[in-house]
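Please read the points below beside the coordinates; they are arranged as a colleague's note, with backbone matters taken up before packing and cavities.

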Amino acid sequence: MADAGDVPSGEGLSAEADDHFHDECGVFGIFGRQDAAAIVTLGLHALQHRGQEAAGIVSYDGAQFHVERHVGLIGDTFTKQAVLDRLPGSRAIGHTRYATTGGAGLRNIQPFFAELADGGFAVAHNGNLTNAMTVQRTLQKQGAIFSSTSDTETLLHLVAMSKERDLNARFIDAVRQVEGAFSLVAMSSKKMIGCRDPLGIRPLVLGDLDGAWILASETCALDIIGARFVRDIKPGEMVVVTAKGVESLFPFEPQKTRFCIFEYVYFARPDSTIEGRNVYDVRKRIGAELARENPVEADIVVPVPDSGTPAAIGFSQEAHIPFELGIIRNHYVGRTFISPGDAIRHMGVKLKHNANRKMIEGKRVVLVDDSIVRGTTSQKIVQMVRDAGAKEVHMRIASPPTRASCFYGVDTPEKSKLLASRMSVEEMAEFIRVDSLGFLTIDGLYRAVGEAARNEEFPQFCDACFTGQYPTRLADFEHSDNVRTLSLLAVGGS
């Protein structure tokens with residue numbers, strides 16, 4: 001979920017502290033369990049990697065809805081009192097988010113809840129509606145009043161203003177009017193609804209916990225509560241959970257699916273299985289492909305923790321170069337520990353990473369990371385490894401160069417701030433000061449996920465951040481300097 005009106009920029013603290021793309025949301029819902037909110041809290045714990053800014057839970061106890069929304073991490077904000085005492089009921093949905101610039105604050109925390117004509121309705125969203133601002137302007141002219149800057153609120157208004165006969169039909173009417181990426185979990189007094197956009201860009205799975213139905217962004221959220229994975233929600237599918245069971249509907253015209261390939265590179269947790277693929281296995285295969293495509297003579301392979309670790313293992317095994325933890329990560333530094341104005345911030349990456357000198361000194365080191373975004377963190381890590389006595393530093397990136405912004409629910413910089421959009425590989429190597437730099441090819445990435453090669457005319461995945469080939473219209477961004485040239489590519493790629 002992105003904030004309507006915010007062209008992805010990624011500026012601010014996140015740019016200083018963590019030079020990665022960030023998925024903005026994780027969703028979780030359960031229907032038919034008395035301790036529903038407590039289960040949702042555990043599920044959101046497992047999905048914390050999908051958003052660390054804020055979280056919310058809406059529950060229903062058979063008589064009324066209860067809403068809790070807080071800024072901060074799940075474990076810090078959803079205490080026993082908040083969850084058990086103020087969120088009773090046998091059904092609940094929750095959301096954890098990573099905000100784009102200017103989008104933080106209580107009014108944008110999900111799930112969104114409203115009292116509609118026939119009762120309460122809550123919705124949580126992973127993705128981004130690329131025509132939300134366009135739809136909002138139409139709704140505002142009809143008298144709608146928006147209380148947030150979130151694209152997700154648009155769905156509430158569309159459901160509320162639909163002329164269809166029942167909630168299922170009104171929900172279908174609403175989702176047919178929006179474009180982009182969406183994996184939704186919604187709840188009324190009688191049902192829970194899950195829905196994926198027709199391209200299936202973002203993940204959503206169905207689980208079962210002793211007869212209680214669960215919807216979640218990833219399977220790791222099922223594992224933490226001991227639930228059984230039932231299946232992936234299919235692209236374009238809408239499931240309706242009631243006391244009678246699960247009903248499956250397909251409200252969209254069938255389309256060729258375009259699941260986000262970057263979920264396998266970075267976003268998803270390594271222990272999740274998504275679209276039938278174990279993420280850890282895929283990342284190891286990515287590392288092996290990277291070693292075959294970019295061989296180098298070296299003494300050790302060192303991951304940039306933690307996201308580079310599985311690919312580094314695959315690289316090490318394929319290249320027959322020893323794997324070592326040459327960089328140690330400090331897991332106890334929060335993103336808000338240092339503000340951009342603090343004089344101490346020049347210490348930068350050392351707050352999160354420290355070189356393991358004994359492993360590095362005098363060695364030819366291959367650093368493996370998942371991606372290069374701005375290049376600022378890579379530059380600092382390379383220097384840190386050199387300061388620890390490395391004889392040579394080679395960097396291998398477990399994805400193709402990221403040359404374009406994402407508009408499907410990911411916090412990314414503007415295109416002009418992406419290093420690969422303005423530099424060649426040789427220029428990037430000079431910028432981050434490595435002896436050599438190599439990226440995985442787009443076909444190598446496709447091979448790692450089990451495809452023979454990328455279909456240029458009809459790509460099997462959404463890979464727009466690498467290719468600029470967007471699978472949908474970008475209605476809200478067509479006149480932005482950030483995407484004017486990219487939106488032309490989108491027409492050819494849709």
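1. Glu275 sits in the loop between strand E16 (273–274) and strand E17 (277–278), where helices (H or I, at least four residues) and strands (E, at least two) are DSSP runs numbered from the N terminus. Although Glu275 is not a glycine, its phi is positive, at about 55°. Its relative accessible area is 27%, so Glu275 is partly exposed, given that buried means under 20% relative accessible area, exposed over 50%, and partly exposed in between (1.4 Å probe, protein chains only). The model is a predicted one, in which local features need pLDDT of at least 70 and side-chain atom pairs count only at pLDDT 80 or more, while totals for chains, interfaces and linings use all residues. Residues are numbered from 1 along each chain as its sequence is written, and side-chain values use heavy atoms, with hydrogens and water left out.

2. Arg433 also deserves a look. Its phi is positive, about 65°, although Arg433 is not a glycine, and the residue lies in the loop between H15 and strand E24 (436–439). Because its relative accessibility is 44%, Arg433 counts as partly exposed.

3. Two cis peptide bonds should be checked by eye. One runs from Gln110 to Pro111, with omega near 0°, and Pro111 is placed in the loop between strand E5 (91–97) and strand E6 (112–116). The other runs from Pro305 to Asp306, with omega near -5°, and Asp306 is found in the loop that joins strand E18 (300–303) to H11.

4. What should helix H13 (residues 376–387) span at 1.5 Å a residue? The expected span is 1.5 Å times one less than the number of residues, so the 12 residues of H13 should cover 16 Å, and the 17 Å between its end C-alpha atoms agrees with this. Its buried residues are Thr377, Ser378, Gln379, Ile381, Val382, Met384 and Val385. These buried residues pack against strands E19 (327–329), E20 (353–355), E21 (364–369) and E22 (392–397), as well as against helices H12 (357–360) and H15 (425–432), with contact meaning heavy atoms within 4.5 Å.

5. After H13 comes Gly389, with a positive phi near 100°, in the loop between H13 and E22. Gly389 has a relative accessible area of 25% and is therefore partly exposed. When neighbours within four places in sequence are left aside, Gly389 is in contact with Arg357, Ile360, Glu361, Gly362 and Lys363. Ala355 is 34 residues from Gly389 in sequence, with a C-alpha to C-alpha distance of 9.7 Å.

6. Ser416 occupies the loop between strand E23 (410–411) and helix H14 (419–422), and it counts as partly exposed because its relative accessibility is 46%. Not counting residues up to four places away in sequence, Ser416 touches Ser421 and Arg422. Its C-alpha atom is separated by 9.5 Å from that of Arg374, which is 42 residues away along the chain.

7. For the chain as a whole, there are 18 helices and 25 strands, and buried residues make up 60% of the 494 residues. Among contacts with a separation of 6 or more, 69% join residues 24 or more positions apart.

8. The largest nonpolar core (a set of buried Ala, Val, Leu, Ile, Met, Phe, Trp, Tyr and Cys residues joined through side-chain atoms within 4.5 Å) has 47 residues, and those with the most contacts inside it are Phe262, Tyr264, Ile286, Phe315, Val368 and Tyr408. Elements that give two or more residues to this core include helix H10 (279–293), helix H11 (309–319), helix H16 (442–448) and strand E25 (461–462). Leaving aside neighbours within four places in sequence, the contacts of Phe315 include Gly287, Leu290, Val301, Val366, Val368 and Arg396. Another core, of 28 residues, lies apart from the largest one, and among its members are Phe112, Leu156, Leu158 and Leu167.

9. How many cavities of 30 Å³ or more does a search of the whole structure find? There are seven, a cavity being a set of points on a 1 Å grid over the protein atoms alone where a 1.4 Å probe fits but cannot get out, with lining residues having an atom within 4 Å of a point. The second largest holds about 80 Å³ of space, where grid points are joined across faces, edges and corners and a volume is the space filled by probe spheres set on the points. Of the 13 residues that line the second largest cavity, Arg202, Cys260, Cys406, Cys462 and Cys465 are the closest to its centre. Helix H9 (262–267) and helix H17 (464–467) each supply at least two residues of this lining.

Technical notes. On a 1 Å grid over the protein atoms alone, a cavity is a set of points where a 1.4 Å probe fits but cannot get out, and a pocket is an open set with protein on both sides within 12 Å along at least five of seven lines; lining residues have an atom within 4 Å of a point.
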